[in-house]
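Thanks for making time this morning. I would like to walk you through one model, beginning with its open space and ending with its packed interior.

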Amino acid sequence: MLPTHLNMIKFLLLLGLTQIYAADNDITISVYTVTSKSMTVQWTKYEDASSYKVTATPKNSPEDRQVFAQFGGTTVMGSVTHLVPDTVYTMQVEAMDDALNVLSSAQTEHTTAPEIPTIEQVYSKQSDSITVEFTEVSGATGYILRAENDALGFFSETAVSGSPSTALQLQPYTDYTLSVMSVNAGGRSQPSYTVDARTVVVAPRVVTSSPSNASIVVSWSPVEHAVQYTLSIIQQGTDNRTVLNTTEQTVLVEELEAGETYCIKTTAWDVEGRTGDDITVCQITRPPRPDSPEAFWSYGPSRGQEMSLYWDPSNGADSYVAMSNIGQNCSTPETFCIISPLECGEVHSISLTAKNQAGASSPSEPKGVVTFPCAPEDLWVQENEPGSCRVAWSNVSLADFYVAFIKRDDGDEDHCNTTHESCQFPCICGYTFLTTIFAYNEAGSSPQGKVLNYTTVPCCPEDVAVMLVSTETLEITWQPVRGAELYETTAVQTDDVIHCNDTAPVCALSDLQCNTLYSVVVTPCSELRGCNLTCTPHTQETAPCAPEIINVTQTDLTTVRVIFTNPNSASTNYTVTATGRTDSHSCHVSQSTSCELTELPCGTKYEVMALAITGVGHSLPSFTLPLETGPCCPSAVNVEQVTQAMTNVTWSPSNGARSYITSLTSPRGHAKCHTLETHCMMGCITCGTNYSVSLEAISSTGHKSQCNYQGFPSSACCPTGIKLYKMDNTSLRIYWRSSGRMQTQNYTVDLSGTGANYTCNGNSFCDLGEVMCGDVYTVVVAPVGQNGNTVSFCPRRMFSVSCSGGNIGMVIYRGKRSVD
């Protein structure tokens, strides 16, 4: 501990250092250490000094005397004694020569330590510490408590604030020398007079246990230097206290309460009669014997049956153990627990033990418990008559009664309670029944046993729909029925051959005979029960057979007669239809093999088809035959005279015609032409004649239509013998002769020249006035038709008119003519 002491001294010296004043900056002074009545200073060496004088002057008490000390010239440290404790001194050092002249000086201020304390009392209450009581001195800011043991090489100093103070970390039952020093800002005082003291013995190392619910055993190892032990036993939560003194190391404490906690304080005594450290250990006694548990039954998360045990709490118990004679136990800190899994038909003997830290109590009186019964082993179902079933099972031991649960596959449930081994239940068609039996006693129900599946025959479909989807195919549909896994569809007329064997509620019977009545049966089947052969048949007739067209004949331009076969029953109706691009025509008959299509338009192509119809539906259409009516006659025909011997005939296009043969017939001649156009130029026709027109329209396939048109006249004939005569000085007469049979024909005369144009009308002549002489004129005389148009094909003739004395002279006919 010496290094610790030196470090403390250095620390206090550092705190006491003050500013050093030096005269002429030649010498310095500092305080090295202080005590209550002395102070040691050190200084720097001064050359040529033969001695040094150190003077201590009280700063705040001028009346106090100064104290000084003289030192040789080689000394640099010295002490001044006989100072006053806890006083501020001005410390001065002077360097002097042989004549005691001061060569240099320096001074500093510092405080002496407080008075030395006095120890009043020393004692040990713990094996690792000693408490010191001392007088506190004036001016002390703290104290240092010193403990020493030279034999152990132990030294410790503890800074404390006042009295009493305790030295710690000591050895048990060991002697120590103790002293106290006071401390202020200047330093520490000298140690007080020392006092010797011994620590007490340690506490025993106690071990407790409770061998029964009314006793506790306390034991410990021997404590060195101990001559006696004291035990103080207190029941927790009460004022009950028991004190025992003993020199043994084991004590049995009896007549205690069960399940109660007792705290035991143990102390050792040394030969001086001092008590050492104490130790307190709390020990609970074992719980009292519990009462027998009550048993209840329930189902756990895994649906296995469990035994729930409940009991009253035992005083002081931390946990409980319920034990069965067949090896099934449960442990819990609660007042209930569950024993699982349980087996059916068992008899348990249950005992309960309470536990705490001290151990287990005596077991309770055993309690007998019977578990739930087992499920029936054998199970069967009998269907004595359709719709009524009986479920039966074997007898189960320990069962008080039975509950039969019958669940249909649609979720409907039924049950019956009975003390017998059978039960009746309704079992209608098409259902699967899941049947299970539970046996019961006061412990509850048995586990679920065998589940018996019983399936009744599937039900017959009652909403069967037989539809004709084509002339020789029937589609049968129905709603799925209960219990059916597949359906067989047959028809009596096909020797009950199975047409469909499918799970879908639909079937098609194809390749049947037309115009035939079929009896169809849908039979539901299941793998377990087979097929239900009692279902009612449903009838449906197929469509009529298709007729065949034998002949199509056009009787006139708008009527066609169709002849066909009749392959069906007498009540069958027939429809014959001619279908064109834009229209259609039909006729309807019954009990006949022919039909007439009327009001057919000309020049049209049709497809003729026959159809048979009954109340069931219609047949497939017959094969079609093409029909083409004769071409239409042109709606308009026009005849135009091109020349006196040529005529242009035009007509409107006719529907269905590709070529035409046109004929003109009159008493005076006949003409004909064959063309692909809608006009024809025809010769050998004279003028001024009435004639008729006949036209034959011919289609691309050779069909012909005869068209007649009456009352077409040709144009009037051009006049002949045209001559000009002078009438007076300024007029001319034009004369002509009619060449046709019409003598009252009116004509138009056009006279045109280089100077002027003239026009006049007449039957055989006309006069023109103010005609200029000396010019050549072109004259055209043309008959006028009934519509007022002038014939344009009559020839032109040229004449020159001479002048005589300013008047018209002789008209010279030059004999020229032209035709436009």
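**The pocket and the cores**

Strand 54 gives the largest share of the lining of the largest pocket, namely four residues, where strands are DSSP runs (E, at least two residues) numbered from the N terminus. Please keep in mind that this is a predicted model, in which local features need pLDDT of at least 70 and side-chain atom pairs count only at pLDDT 80 or more, while totals for chains, interfaces and linings use all residues. Residues are numbered from 1 along each chain as its sequence is written, and side-chain values use heavy atoms, with hydrogens and water left out.

At least two lining residues come from each of strand 54 (637-643) and strand 59 (690-698). By class, the lining holds nine nonpolar, 16 polar and two charged residues, with Asp, Glu, Lys and Arg counted as charged, Ala, Val, Leu, Ile, Met, Phe, Trp, Tyr, Cys and Pro as nonpolar, and the others, Gly among them, as polar.

Turning to the interior, the largest nonpolar core has 22 residues, and Trp43, Tyr52, Val54, Met91 and Val93 have the most contacts inside it. Such a core is a set of buried (under 20% relative accessible area, 1.4 Å probe, protein chains only) Ala, Val, Leu, Ile, Met, Phe, Trp, Tyr and Cys residues joined through side-chain atoms within 4.5 Å. Strand 7 gives the most to this core, with four residues.

Apart from this core lies another, of 19 residues, among them Leu379, Phe425, Tyr431 and Ala439.

Technical notes
Buried means under 20% relative accessible area, exposed over 50%, partly exposed in between (1.4 Å probe, protein chains only).
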